[in-house]
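Here are two short exercises on pockets and salt bridges. Grab your viewer and work through them step by step.

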Amino acid sequence: MTRPSAWIAALSLLLLCRTVAIADSPTEPAATEPAAAKTRVAVYGDKGTGSSVQVLLGTLRRSPHLEADRLSAEDIRAGKLTGYDVILHPGGGARVQGNTLGDEGREEVRRFVREGGGYVGICAGAYLATGQVDAYLGILDAEIVDYEHWARGKGDVEISLSPRGRELLGAEADRLTIQYAQGPLLAPGGKADLPDYEQLAKFETEIALKGAPRGVMIGASAIVTGEYGKGRIICFSPHPEKTKELRPFV
């Protein structure tokens with residue numbers, strides 16, 4: 001018969017070994033929240049762009065929520081917009097951008113937006129969104145006011161934002177100073193096959209150099225948003241990326 005003291009000793013040893021085994025066993029890793037997916041932005045960076053491309057890329061890449069890449073016209077023609085969420089066409093020359101894309105590239109951009117992608121156009125990119133000339137995209141129901149005097153000069157202007165514009169852009173004030181560099185003066189296009197755009201901001205002051213008539217720019221749309229198929233569009237006539245305190249708009 002086993003003596004009680006021996007039985008107690010054996011039980012104590014068993015409990016000790018189990019305690020050590022539990023302590024030495026690997027612990028389960030703490031549950032972590034899945035990382036939020038970044039919005040992927042394709043920035044057109046081929047012929048017809050200006051110095052703002054690098055500023056835009058730098059601005060976008062500083063955001064932890066965005067991933068930005070520079071794409072050529074050939075990349076776009078080759079279908080490389082697949083996998084991106086937004087295409088951004090920067091300032092420069094709209095007609096040159098459109099011609100560099102060619103028929104095939106322009107159709108790739110249209111298809112991308114039509115199927116649910118986003119389009120951001122700044123200055124030349126805003127011109128490009130309209131259907132003013134054959135080399136443009138025709139995805140925004142807008143016409144360009146006084147297109148003859150598009151090269152009307154550069155400088156700071158004042159714009160006023162609608163309540164919706166302040167909400168979307170996160171602006172604290174409804175009247176702002178922003179850099180202008182001969183961007184389009186937008187007005188409703190009245191096309192039956194495209195939805196009307198929504199005005200987010202209008203010009204409150206003007207630049208009328210190089211023979212441009214005065215009084216035309218004031219009241220014209222400066223920032224607009226619209227839809228094309230399943231996609232969404234936002235166009236800036238002026239340059240938020242060249243106005244340091246307004247770079248968050250981008």
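**Exercise 1.** Which element gives the most to the lining of the largest pocket?

*Solution.* First, the ground rules. This is a predicted model, where local features need pLDDT of at least 70, side-chain atom pairs count only at pLDDT 80 or more, and totals for chains, interfaces and linings use all residues. Residues are numbered from 1 along each chain as its sequence is written, and side-chain values use heavy atoms, leaving out hydrogens and water.

Next, the terms: a pocket is an open set of points on a 1 Å grid where a 1.4 Å probe fits, with protein on both sides within 12 Å along at least five of seven lines, and lining residues have an atom within 4 Å of a point. Strands are DSSP E runs of at least two residues, helices H or I runs of at least four, numbered from the N terminus.

Now the lining: it has 27 residues, with Val-120, Thr-225, Arg-232, Ile-233 and Ile-234 nearest the centre. Strand E11 (231-236) is among the elements giving two or more residues, and E11 comes out on top with four.

**Exercise 2.** Work out what the salt bridges of Arg-40 tie together.

*Solution.* A salt bridge puts a Lys or Arg side-chain nitrogen within 4 Å of an Asp or Glu carboxyl oxygen. Start with Glu-67, which pairs with Arg-40 at 3.6 Å, N to O. Arg-40 sits in strand E1 and Glu-67 in strand E2 (residues 66-71), so this pair links parts 27 residues apart in sequence. Then take Asp-69, which meets Arg-40 at 3.3 Å, N to O. Asp-69 is also in E2, so that pair ties E1 to a part 29 residues away in sequence.
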